[in-house]
Amino acid sequence: MNAGGKGKPREKSRKMKKGEMKMPDRLIRESWCASETIDRLTPFEETVFARMIVNCDDFGRMDGRASVVCSRLFVTRRSIREKTVMAAVKRLEEEGLIHCYAVEGRPYIQMQGWGKHQRIRNQRSKFPAPP
């Protein structure tokens, strides 16, 4: 129960362990289910997109190297090949859901429309902005 004895019980806050990072909450809205763009994706492409949402930084950016993308999105599924994941990434870009770019020769990914759907809490991105 809350302090007044009514309503939902309070969740106990867990102490973070040394070196542990607090992961930001990400929202996927109900409109996802009615999106024509999402419906044009294969189930695997949609899975890649959803996993990108929960892995990118607060600015909707992430490392675009194939090995990093594959290992971040499919941590325990080593049978999924980089080539398959990067083909899905290419389709997401074709659908306008992400933008792939490079800064100083290093590849990055930017989620399109990020600020409309997610809260930006940090002052700086972990990755450079698209040129």
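This is a short talk about helix packing and salt bridges in the structure above.

Okay, hi everyone. One thing up front: this is a predicted model.

Let's start with helix α2, residues 43-55. With 13 residues at 1.5 Å each, α2 should span 18 Å, and its end C-alpha atoms do sit 18 Å apart, so the two figures agree. Which of its residues are buried? In α2 those are E45, V48, F49, M52, I53 and N55. If you're looking for a pattern in that list, remember that an α-helix has 3.6 residues a turn, so residues three or four places apart point the same way.

Now hop over to helix α4, residues 82-94, and find V89. V89 has a relative accessible area of 2%, and buried means under 20%, so V89 counts as buried. What does V89 touch, once you leave aside neighbours within four places in sequence? The contacts are V48, M52, V69, I98, C100 and I109. Two of those names, V48 and M52, you've just heard among the buried residues of α2. Another one, V69, is buried in helix α3. And if you want a C-alpha distance to check, V89 to A66 is 9.5 Å, with their positions 23 residues apart along the chain.

Right, α3 itself. This helix covers residues 66-73, and its buried residues are V68, V69, C70 and L73. They pack against α2, β1, α4 and β3.

A quick word on cysteines. C70 is buried at 9% relative accessibility, while C100 is partly exposed at 28%. As for disulfides, the structure has 0.

On to charges. Side chains of opposite charge can pair when their charged atoms come close. How many salt bridges do we get? The count is 6. One of them joins E45 and R91, with the closest N and O atoms 3.5 Å apart. E45 belongs to helix α2 and R91 to helix α4, so this pair ties together parts 46 residues apart in sequence. Buried or exposed, what about E45? At 10% relative accessibility, E45 counts as buried, whereas R91, at 22%, is partly exposed.

R91 also pairs with E95, at 3.2 Å from N to O. In fact there's a whole network of salt bridges here, linking R40, E45, R91, E94 and E95.

Last one: D63 and R65 form a salt bridge at 2.6 Å, N to O. D63 is buried, with 9% relative accessible area, and R65 is partly exposed at 34%.

That's it from me, thanks.

Technical notes: Residues numbered from 1 in each chain as written. Predicted model: local features only at pLDDT ≥ 70, side-chain atom pairs only at ≥ 80, totals over all residues. Heavy atoms only, no water. Helix = DSSP H or I, 4+ residues; strand = E, 2+ residues; numbered from the N terminus. Expected span 1.5 Å × (residues − 1). Buried < 20%, exposed > 50% of the residue type's maximum accessible area, 1.4 Å probe, protein only. Contact = heavy atoms within 4.5 Å. Disulfide = S-S within 2.5 Å. Salt bridge = Lys/Arg side-chain N within 4 Å of Asp/Glu carboxyl O.
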